[in-house]
Structures are given as structure tokens and as C-alpha cells.
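Please open the model in a viewer and keep the selection panel at hand. The stops below may be followed in order.

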Amino acid sequence: MTNEPKPRIGILGAGQLALMLAQAAKSLGLDIVCAGQPGDCAEQEARVLPVDLDDAAAVAAFAHQVDLVTIESENIHADVLHGLPLYPNARAIGIAQDRLLEKRFFHDCGIGTAPFAAVDSLDDLQEAIKSIGLPAILKTRRMGYDGKGQVRLRDPEEAAAAWTEVGGVPCILEGMVNFENEVSLIAARSRTGKIVFYPLIENHHREGILRTSIAPFIDATLQHEAENYLTNLLAKLEYIGVLAVEFFVANGHLLANEMAPRVHNSGHWTIEGSATSQFENHLRAIAGLELGSTLSHPTVMLNCIGTMPPEAETAAYPGLFRHDYGKQPRPGRKVGHLTFPATERKAIADWQHRLHADL
Ligand SMILES: Nc1ncnc2c1ncn2[C@@H]1O[C@H](COP(=O)(O)OP(=O)(O)O)[C@@H](O)[C@H]1O
Ligand SMILES: [Mg+2]
């Protein structure tokens with residue numbers, strides 16, 4: 001043990017991921033400051049300084065006040081990131097924030113993906129439809145999340161409308177994968193290159209938004225395959241921190257969908273379900289501390305989309321852990337989540353029905 005002072009950490013963003021990072025920082029004695037806007041939900045746990053994240057000078061001034069910087073969203077302009085003491089590094093974030101670079105990078109690392117093609121014009125889209133076939137999804141290269149910036153195509157006649165709908169910005173066309181399952185793997189890599197993995201997580205989305213995560217997804221072969229893929233990605237990116245990769249399971253194999261260079265919604269269950277949460281391990285990695293054990297027990301997480309259920313109703317279930325991010329209700333918005341030990345079958349079934357059956 002050394003008595004080195006603990007670093008002060010700046011987070012670009014002040015939403016729920018920053019909030020949960022700040023909660024985890026408490027037990028580590030780390031000081032967290034967020035760059036955001038007044039009223040952002042991380043204010044409940046940390047100081048939030050008003051910073052325009054599109055303004056490189058303002059972000060540089062914010063970074064000056066802390067020892068190291070991390071992110072809660074990859075959708076930050078690459079120009080703003082250069083020259084910051086940033087973990088993970090700007091190259092990793094730059095690849096993860098552009099679906100074309102990301103897919104090419106997966107291929108460079110020997111990881112399969114859905115068939116895809118770059119689309120920069122309506123002509124490109126028509127060509128891509130011929131080479132990839134339909135159904136397919138047109139996705140903006142940048143700034144997409146929770147299914148935003150995506151249009152599904154079933155008929156070549158829909159091309160012009162889809163191109164208009166995405167706003168004519170650079171895109172990729174991706175062939176639709178007829179997957180058996182969606183899973184994710186979350187890993188943390190320390191400054192010394194040590195890696196820990198959580199178990200594979202089974203994820204259920206509706207309308208492009210994560211609804212349910214079930215851990216673990218038990219398949220020793222796929223766990224091994226996924227861990228090998230992430231080991232390779234992490235090393236090639238010289239990555240420090242938590243990385244999440246979403247996969248499709250198709251014909252019994254993994255196809256990479258996308259990666260998130262940060263803590264991930266499918267890992268929220270680790271707060272109660274693992275010896276060390278993804279939030280704590282991210283902070284440990286970037287602060288140069290030893291990584292914590294990822295020993296886990298079976299856990300289920302349900303997202304609350306749009307509104308939080310009343311407290312009195314969740315309180316009726318003793319096995320339930322309620323996380324209310326304190327955000328204003330809005331359709332399609334992630335406002336909180338509920339976590340259950342997997343043994344709480346009745347509570348899980350009740351709440352799954354209650355939260356997600358109306359869609
Ligand atoms: N090529 C595809 N084939 C089948 N389903 C897809 C494909 N791409 C995306 N989806 C579905 O849409 C969801 C959201 O898409 P994703 O690319 O992960 O974007 P986001 O950044 O919004 O999470 C996925 O989790 C999956 O359910
Ligand atoms: Mg996704």
C-alpha cells in the first residue's frame with residue numbers, strides 16, 4: 001500500500017452513468033467532478049460544473065481542475081478530447097463513436113459482424129441495398145443511442161424516405177441479423193494491463209431500447225470466445241477502464257454489434273450482483289488501483305423507461321433494489337432501473353409485465 005494522494009476525477013457528462021460512478025467513488029475516497037448542466041441527475045452525488053461539451057476550450061479548462069478525465073458518453077466530439085488526460089484514450093473513443101470505424105476495427109481484430117456498407121448518398125444506399133440485401137437497417141455513423149438514428153428497410157422503394165429520415169448524414173447500411181440472443185461482455189483493464197471479465201449478460205431490447213438484462217448467460221464456449229475477443233480489442237486499443245461489447249448470437253457464434261467505451265446499461269446489475277460493480281472497477285482501473293473481484297450471483301435488471309413506478313409499489317417487494325435517477329419523466333427516457341436476485345422469480349415476472357408489457 002502506498003499513501004499516494006488519490007486522484008481527482010472529472011467526468012464529461014452528468015447523467016445517470018456519472019451518478020452511479022459518483023456513488024461508487026464514495027467508498028474509494030475518490031473525488032468526482034462532472035462537466036454538465038445545472039439540473040443534471042449526477043448533481044445528487046457530485047459537483048456538476050456547467051460546461052458546454054462541444055466547446056473545446058471550456059472542456060480543456062474543466063480538465064485543468066482535475067487529475068484525470070473519463071466519459072459517460074462516447075458521443076463527444078473528437079476535437080474536444082485531444083490533449084486531455086483521458087481514460088479510456090481518445091483513439092478508443094473515436095473508434096467507438098463511429099459505426100463505420102468500429103465495424104472495420106472489429107474485422108481487423110478478426111471479429112465477425114453483420115454485413116455492412118458505408119452510405120454517404122442516396123446512390124450509395126441503393127447500391128448497398130443490392131449488395132447487402134433486405135431487410136437491413138440504415139444507421140447514422142455517429143451520435144446514435146437507444147435505437148435513435150436508425151431506420152429499418154424492408155423494400156427498396158423505402159430507400160429515399162429512409163435517407164431523408166436519417167437527415168442525409170454519413171451512415172452505414174447493416175444487414176438484419178436473425179439472432180438467437182443478444183448478449184454483452186463487460187471487461188475492465190487496469191493501467192498495468194490486468195483484465196477482469198464479468199459473466200456474459202443476456203439482453204432484451206424493444207424499439208431499440210434495452211429493457212431487461214439477465215446475468216449470467218451461461219455458455220462456456222461463448223464466454224471463452226467473447227473473452228478472447230475483448231482481450232484482443234483491449235490490448236490493440238491500449239485501453240484503460242471498462243469496455244462493453246454487445247454481440248448477437250447467430251448460428252451459435254458471436255457477431256459484434258457495437259462497443260461502448262464506458263460503463264454500460266447492461267452492467268447495472270453488478271451494483272448488487274457482483275463483488276465489485278462495473279462502476280467501481282472503472283474507477284479502480286483509471287485511478288491506478290487494483291481491480292476488484294467480479295465474482296457474481298445470478299441477477300436480473302429491468303429498465304424503467306419513461307416514468308418511475310411509485311415507491312410504495314416497489315417497496316412491497318423486499319427482494320427488489322430500486323434505482324431512481326431523479327430524472328424528469330419523458331417517453332422513451334431511461335429514468336431508473338430495478339434489480340433483483342434471480343431467485344426472486346415472482347417479483348421479476350410481476351415487474352417485467354408491469355414495466356414492459358405495454359409495448
Ligand atoms: N443488424 C441488426 N440486426 C438485428 N437487430 C439489430 C441490428 N442492429 C441493431 N439491432 C437491434 O437494435 C438494437 C439497437 O441497435 P444498436 O446498433 O445496438 O444501437 P444503439 O446505439 O441504439 O444501442 C440492438 O440491440 C438490436 O436489438
Ligand atoms: Mg446498442
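The structure holds 14 salt bridges, a salt bridge being a side-chain nitrogen of Lys or Arg within 4 Å of a carboxyl oxygen of Asp or Glu. Select Lys 26 and Glu 45 for one of them: their closest N and O atoms are 3.0 Å apart. This pair links distant parts of the chain, 19 residues apart, with Lys 26 in helix H1 and Glu 45 in the loop between E2 and E3. Helices (H or I, at least four residues) and strands (E, at least two) are DSSP runs, numbered from the N terminus.

The model is predicted, and local features need pLDDT of at least 70, side-chain atom pairs count only at pLDDT 80 or more, while totals for chains, interfaces and linings use all residues. Residues are numbered from 1 along each chain as its sequence is written, chains are lettered from A and ligands numbered from 1 in the order in which they are written, and side-chain values use heavy atoms, leaving out hydrogens and water.

**The parallel sheet**

Next, select the four strands of the open sheet ordered E3-E2-E1-E4, whose pairing is parallel; two strands pair if DSSP finds at least two bridges between them. Which strands lie at the edge? Strand E3 (47-50) and strand E4 (68-71) do, each pairing on one side only. From one strand to the next, the twist averages 30°. Axes here are lines fitted to C-alpha atoms, for helices over the stretch in contact, and angles run from 0 to 180 degrees between N-to-C directions.

Now narrow the selection to strand E2 (residues 31-36), which four bridges join to E3. Within this pairing, Gly 36 stands opposite Pro 50 in E3. Add helix H2 (residues 56-64), which packs on the sheet and touches strand E1 (8-12), E2, E3 and E4; contact means heavy atoms within 4.5 Å. The direction of H2 makes about 160° with that of E1.

**The antiparallel sheet**

Move to the open sheet of four strands in the order E5-E8-E6-E7, where the pairing is antiparallel. Strand E5 (116-119) and strand E7 (150-153) have a single partner strand each, so one side of each is left without a neighbour in the sheet. Neighbouring strands of this sheet are turned by 20° against each other on average, direction ignored.

Select strand E6 (residues 136-140) together with strand E8 (residues 171-175): five bridges join them. Here Ile 137 has Glu 174 in E8 as its bridge partner. Helix H6 (residues 122-132) packs on the sheet and touches E5, E6, E7 and E8, with its direction at about 170° to that of E5. Helix H5 (residues 99-108) also lies across E5, E6, E7 and E8, running at about 150° to E5.

**Domains and their interface**

Finally, colour the protein by domain: domain 1 (8-86), domain 2 (115-175) and domain 3 (181-356), with bounds from an automatic or database domain assignment. The centres of domain 1 and domain 3, taken over C-alpha atoms, are separated by 22 Å. Each of these two domains gives 20 residues to the contact.

About 1700 Å² is buried between domain 1 and domain 3, with carbon and sulfur atoms giving 73%; buried area is the accessible area (1.4 Å probe) that two parts lose on being put together, summed over both. One salt bridge is found across this interface. To inspect a further selection, choose Glu 74 and Arg 262, a salt bridge whose closest N and O atoms are 2.5 Å apart. On the side of domain 1 that touches domain 3, helix H1 (16-28) and E4 are the elements that give two or more residues. The largest share of that side, nine residues, comes from H1.
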